[in-house]
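Please work through the following exercises with the sequence and the 3D structure open beside you. Try each task before you read its solution.

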Amino acid sequence: MADEEVRDLMAHIANAMYGGGTIEGVRRRLARYVPADVLDRALVAYDIQTRRIRDLRDPASLKDPKRLTDPWYAGPQPEDVFWPALHQRLTASGLSDGALTSIDTASTKVVEMLPRSSDEQISARGLVLGFVQSGKTTNFMAVAAKLCDVRYRLIIVLSGITDNLRSQTQQRLEQMLVGDAHGRWHLLTGSTSDFDADRRNAANLLGNPDHRLLAVVKKNPYRLRRLTAFLDQAGSVLQDCPILVIDDEADQASIDVGSRRRQSVINNLIRRILAKPKVAYVAYTATPFANLLIDPTVPDDLYPANFIVDLPRPEGYFGAETIFGRDLLAHEEDGADEGLDVIRDVPDDEIHEVQPPRGRDGVDGWHPTMSASLAAALRWFILATAARRSRDGHASDSTMLVHTSMRAAAHQRLALCVGDHLEILTKELRGDDADAWEQLHSDWLAEAERLPAQLMGLDPVAWQDLSPHILPVLDDVRVVIDNYQSDDRLAYGDAPVTAVAIGGNTLARGLTLEGLVCSYFVRAASAYDTLLQMGRWFGYRPGYQDLPRIWMTADLASWFLDLATVEAEIRQQIRRYEDEHLSPLQLAVKIRKHPALAVTSAAKMRAGITVKNSYSCQIAQTIKFHHHDADWLQHNIDAADRLLRRAAAASGVTESPARAGRRVLQDVPVREVVTFLGEYRFHERSPQLRPGALRDYIAKQNRHGALRTWNIVIVEQAQNRLGWMELGGRGVNLINRSRLCTPDSYADIKSLVSTWDRVADLAAPAAEIRARIGTDKVTDEQLRIHRDGQLGPVGLLCLYPISRDSVDETHRQGRYPRTSLDAVRHVIGVGLFFPEAWGPEEQDYVSVDLSDIAPPPDEVDALDIEALDAEDERVGEKGGTGRARG
């Protein structure tokens, strides 16, 4: 009974906190009615729950560290209304328990990073990165439901730029989010009606705390102006009306592509909405390239300054990596995915048969013909649809996408060609044409062998079971033109649809093609986001994972493989930056450039700068350790000891004085460093410190004459204050590095090196180096340039002997509270300081420049380390005493 009482009380505490209370205020108010021990347990439970949510590792995220001091969201509570109702409907729709858990966890993490509804002002900018056709709508419905439970009142969904996508989104939200709870929801838009609410009712509608309002609005100037006028009319009511703006397909239309002097209209209208007193903005997209390149120096624009969340790839999802494979990333050592055998070639010499010539008048004299590849794709569509009917025992939605041009006239002509071909094929099969039936039989056997059903966990379909369904499929199939001129648009309803959909831009973003089993795609694109969004074949194929096929040119297939690599690299960076505790305003995500494709349109890349992504000029440092694994720690101590002994014995190596009274082993052959990198065990959550990637970079630099020799310094304290250990045949004094207070099973010290370690192998004291550089407050870049000028392309490896008894000497409360290291052995940290690269670097990236609005990412913690080391520096340069003996 006591546990149930604690749970009920915890829910009461959560409700009070959502309403603007404080922990101390809640404690004072409840202390008169609740036994002290029960109250304490409930408050502790609330604190643990909110911090557990804040520290969720999956999905990965970058977030504003200021949010770390004020966790507020305790997750769904027993008295919640909107999330439980949505959860029930999602369960009824057939979602698996695993998928529901993933949606619950991911949406909870997004909610936690938004301001609570009771905050006096709400102004947040976030980005949620999903996959094309992966269920982003379900995620933002869950976020909306949970925010409604914590008193957000108005949900605005900005849904693409086409009527059919807006209508599809409206219907989905009415079905799943609203359901039959119309008494709790007030709909400002309908499935056939975009925003047109009477602004005279704005104050009444928005002023009722029991109302939850929903508007699904097309990103169209007319509709957005009506929405802003509606909000303007509400006046002071908005001071107490928390609003969530969900920007679906956020890279489309929302970005400011106006001139330097004038904003684009839609971006201006969105920012007018966000300027209201209490508005949180969350952008959703699978192609975040433009969003990550918004100018972060414009304070009221849409750059995701507060958080970026990378949704995990859902179970059973077929994305670019699954279908096309991808290349190995820079810091990976395991084999990359090779993709599925589902891509079929469209020869270049057939393109003119299905695609009109370029130019405004290219369609006029063009008449399509049935190419061999398009005929093969149509046959497969019939076969795959028949196989699904045989396997399922009934008909269901089945679609083929034909996307060869964006011109409406080309769609009309190609549709006539496809319709004629299907009519001829039907007559041949009804007349028992042996060649026609044999061709289908041969196609089925060949395709079933190339991607066996058993490989996808499904039972194979025999020809004799499939063939009786072929003529019924041909009777049902219809050719649909879906473009801005067509009246007979692609629509799914109660009756199963079997359709060959021919279209362009209206089929190229957001719209879900149900039961898509065949795609014929030769449409060229010039940018990452445009090309990826055209891939309507991404998504879920439950029960027919073995059947989807895609016809495209070899160039397009290679581009999609490249884009799968770009996608994986962006997600890898987010995970790496999360591990390094960086926010979106501390380190920008870098997007790999492509020789044949732009990252996004030029207008969306105005704030982008070209950067290199390599170890050039970088510091690679170990900050995570298995501090309770004695064997792991001892292994690294032994590896460091062997390195120092080998280096000291190597030909040409000298030992000389360095800064702060330390010693440096100079001109150590690169082979000794490479051997050490193979022996030292880096923590698995350190993606920038993969030994293979480090060795590959060093080898490439060696070929250009750089990094052939290294200097090695043991970064020890000048005085024996924390104990000592033996390394390389002599005693070294231990240093202090406390760890973060996190629930992880490993120790995260957040930062190992200090700024001045960049020049640890120089003999000159800090004062002299400052004088040469010409400033009292030097940066890592200034020190790097100074060292490169002194030593050239020589690498620097620093070893950090860390006391297992390290304690928190800063006693700093705030963003990153710390505690004692509490390791079972002393710890060896490693810092690798790279000079500027010699020779060409293979890969360019585009990113935004954060240098004017954020300190270097390690500066905050580096200040702590330098404060700890300042006295050591002073004592060391004066020839301090108390050194370890060895």
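**Exercise 1: A glutamine in a strand**

Gln-621 is found in strand 19, which covers residues 619-621, and the model in which you will examine this residue is a predicted one.

Task: Decide whether Gln-621 is buried or exposed, and find which backbone nitrogen its side chain reaches at 2.7 Å.

Solution. Begin with accessibility: a residue is called buried when its relative accessible area is under 20%, and because the value for Gln-621 is 12%, this residue counts as buried. Next, follow the side chain of Gln-621, which reaches the backbone nitrogen of Leu-752 at 2.7 Å. Finally, look at Val-753, whose backbone nitrogen is reached by the side chain of Gln-621 at 3.1 Å.

**Exercise 2: A strand with two neighbours**

Task: Determine which residues of strand 8 (residues 307-310) lie on each of its sides, and in which sense this strand pairs with strand 1 and with strand 2.

Solution. Start from the general rule that side chains in a regular strand alternate between the two faces of the sheet. In strand 8, Phe-307 and Val-309 are on one side, while Ile-308 and Asp-310 are on the other, and all of these residues are buried, so that both faces are covered. Now turn to the pairing: strand 1 (residues 60-63) runs antiparallel to strand 8 and is joined to it by 4 bridges, whereas strand 2 (residues 122-129) pairs with strand 8 in the parallel sense, over 4 bridges. As a last step, locate Asp-310 of strand 8, which stands opposite Ala-60 and is also the bridge partner of Leu-129.

**Exercise 3: Two helices that cross**

Task: Find how helix 23 (residues 766-773) and helix 24 (residues 780-791) are oriented to each other, and which residues make their contact.

Solution. First consider the axes, which come within 11 Å and cross at roughly 95°. Angles of 65 to 115 degrees count as roughly perpendicular, and therefore helix 23 and helix 24 are described as roughly perpendicular to each other. Helix 23 contributes Ile-769, Arg-772 and Ile-773 to the contact, and helix 24 contributes Gln-782, Leu-783, His-786 and Gln-790. When these residues are sorted by character, 3 are nonpolar, 3 are polar and 1 is charged.

**Exercise 4: A hairpin**

Task: Establish what joins strand 24 (residues 724-727) and strand 25 (residues 730-733), and which residue of their hairpin takes a positive phi.

Solution. The two strands pair in the antiparallel sense over 4 bridges, with Trp-724 standing opposite Asn-733 of strand 25. Between the strands of this hairpin there are 2 residues, and Gly-728 takes a positive phi near 65°.

Methods:
Residues numbered from 1 in each chain as written. Predicted model: local features only at pLDDT ≥ 70, side-chain atom pairs only at ≥ 80, totals over all residues. Heavy atoms only, no water. Buried < 20%, exposed > 50% of the residue type's maximum accessible area, 1.4 Å probe, protein only. Polar contact = N/O pair within 3.5 Å; in protein donor to acceptor, adjacent residues only side chain to side chain. Pairing = 2+ DSSP bridges. Axes fitted to C-alpha atoms, helices over the stretch in contact; angles between N-to-C directions. Parallel < 35°, antiparallel > 145°, perpendicular 65-115°, else oblique. Contact = heavy atoms within 4.5 Å. Nonpolar A, V, L, I, M, F, W, Y, C, P; charged D, E, K, R; others polar.
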